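I set out to record, entry by entry, what I looked up in this structure. The entries go from the whole chain to one helix pair and then to two single residues.

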Amino acid sequence: GARMNHIRQLEDQSVYILREAYKHFNHLAMLWSMGKDSTVLLWLARKAFFGHVPFPLLHVDTSYKIPAMIEYRDRIAREWRLNLVVGQNKEALAAGMNHTLGRDVCCTALKTTAMKNLVEEKGYTGIILGVRADEDSTRAKERYFSPRDKHGDWDFRDQPPELWDQFKTTFPPGTHIRIHPLLDWTEINIWEYIKHENIPFMDLYLDRGDGTRYRSLGCAPCTMPIKSTAKTVDEIIAELRGTNVAERAGRAQDAGRGMEMLRKKGYM
């Protein structure tokens, strides 16, 4: 029906953006957090390149992830023969960095700084990631091909126009590019696609009998499950159609302007 046609159009556009990125940028990598969005992105990359992912998958490991996420990461990486690159801010962790020192401090050290260090060390010029415009207000200011300065910082007031699928893929030397193939997808689209394609996902997103499930996944100390009895993808979709609670309401770092500040400094 019409919904499936819409999903197909989204898929076609994302595949096109992935291929454009691969054509125009030499040292690409894709961020994979093992959540639903970046796993759909990974699935799309496998479609775009006929079952093979031609760039490394980066996981910024804060060491505070839910253990099941790491098991899932290693299993999928093995089964799909992914080139997995794990980055970690070992210095900050050795010095005792943790969420009790404040969300912004902890996220900046263990996510933003860890990612910047990894990108710099490996020399990646473009990073593909699974952000969606509907997920939080600052992301609505993004572009498919979004320039960053040499420090990875993002000026959300200075974004190139993207009109009628004319993507700007030429930038001055030294510009670092973030690529967002899922920008037009919604949370419901993601779940509809997971269902249609039968994509393996973390069962933390389902109620496993205690009346709670995760709607968004992050670090264990700062991510709370929501009250929900959805035990299947169909039930998740039905529930989402009837909710007006923000998707990342259970994510501590999204409170206030935390996310905008993190992103301005170079995080996702």
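The entries below follow that order.

**Entry 1: the whole chain.** I noted at the outset that this is a predicted model. I looked up the secondary structure of the protein chain and found eight helices and eight strands. I then checked burial: of the 268 residues in the protein chain, 54% are buried. For the surface, I recorded an exposed area of about 12,600 Å², of which carbon and sulfur atoms supply 52%. I also asked what share of the contacts between residues at least 6 apart in sequence join residues at least 24 apart. The share is 75%.

**Entry 2: helix 6 and helix 7.** I turned to helix 6, residues 187–197, and helix 7, residues 233–241, which pack with their axes 10 Å apart at an angle of about 165 degrees. Because angles over 145 degrees count as roughly antiparallel, I entered helix 6 as roughly antiparallel to helix 7. The crossing of helix 6 past helix 7 is left-handed.

I next listed the residues that meet. Helix 6 contributes Glu 187, Ile 188, Trp 191, Glu 192, Ile 194 and Lys 195, and helix 7 contributes Val 233, Asp 234, Ile 236, Ile 237, Leu 240 and Arg 241. Sorted by class, this contact of helix 6 with helix 7 holds seven nonpolar and five charged residues, and no polar ones.

**Entry 3: Leu 44.** I located Leu 44 in helix 2, which spans residues 36–48. Is Leu 44 buried or exposed? Its relative accessible area is 0%, so I recorded Leu 44 as buried. Setting aside neighbours within four places in sequence, I found Leu 44 in contact with Glu 11, Ser 14, Val 15, Leu 18, Leu 182, Trp 185 and Tyr 193. For one of these, Val 15, I looked up the separation: Val 15 and Leu 44 are 29 residues apart in sequence, and their C-alpha atoms are 6.3 Å apart.

**Entry 4: Gln 88.** I placed Gln 88 in the loop that runs between strand 3 (84–87) and helix 4 (90–94). Gln 88 has a relative accessibility of 29%, so I entered it as partly exposed. Which residues does Gln 88 contact, leaving aside neighbours within four places in sequence? I found Asp 61, Thr 62, Ser 63, Leu 93 and Ala 114. I also recorded a C-alpha separation of 8.1 Å between Gln 88 and Lys 111, which lie 23 residues apart along the chain.

Terms used. Residues are numbered from 1 along each chain as its sequence is written. This is a predicted model: local features need pLDDT of at least 70, side-chain atom pairs count only at pLDDT 80 or more; totals for chains, interfaces and linings use all residues. Side-chain values use heavy atoms; hydrogens and water are left out. Helices (H or I, at least four residues) and strands (E, at least two) are DSSP runs, numbered from the N terminus. Buried means under 20% relative accessible area, exposed over 50%, partly exposed in between (1.4 Å probe, protein chains only). Contact means heavy atoms within 4.5 Å. Accessible areas come from the Shrake-Rupley method with a 1.4 Å probe; for residues, only the protein chains shown count as cover. Axes are lines fitted to C-alpha atoms, for helices over the stretch in contact, and angles run from 0 to 180 degrees between N-to-C directions. Angles under 35 degrees count as roughly parallel, over 145 as roughly antiparallel, 65 to 115 as roughly perpendicular and the rest as oblique. A crossing is left-handed if the near helix is turned anticlockwise from the far one by less than a right angle, and right-handed if clockwise. Ala, Val, Leu, Ile, Met, Phe, Trp, Tyr, Cys and Pro count as nonpolar, Asp, Glu, Lys and Arg as charged, and the others, Gly among them, as polar.
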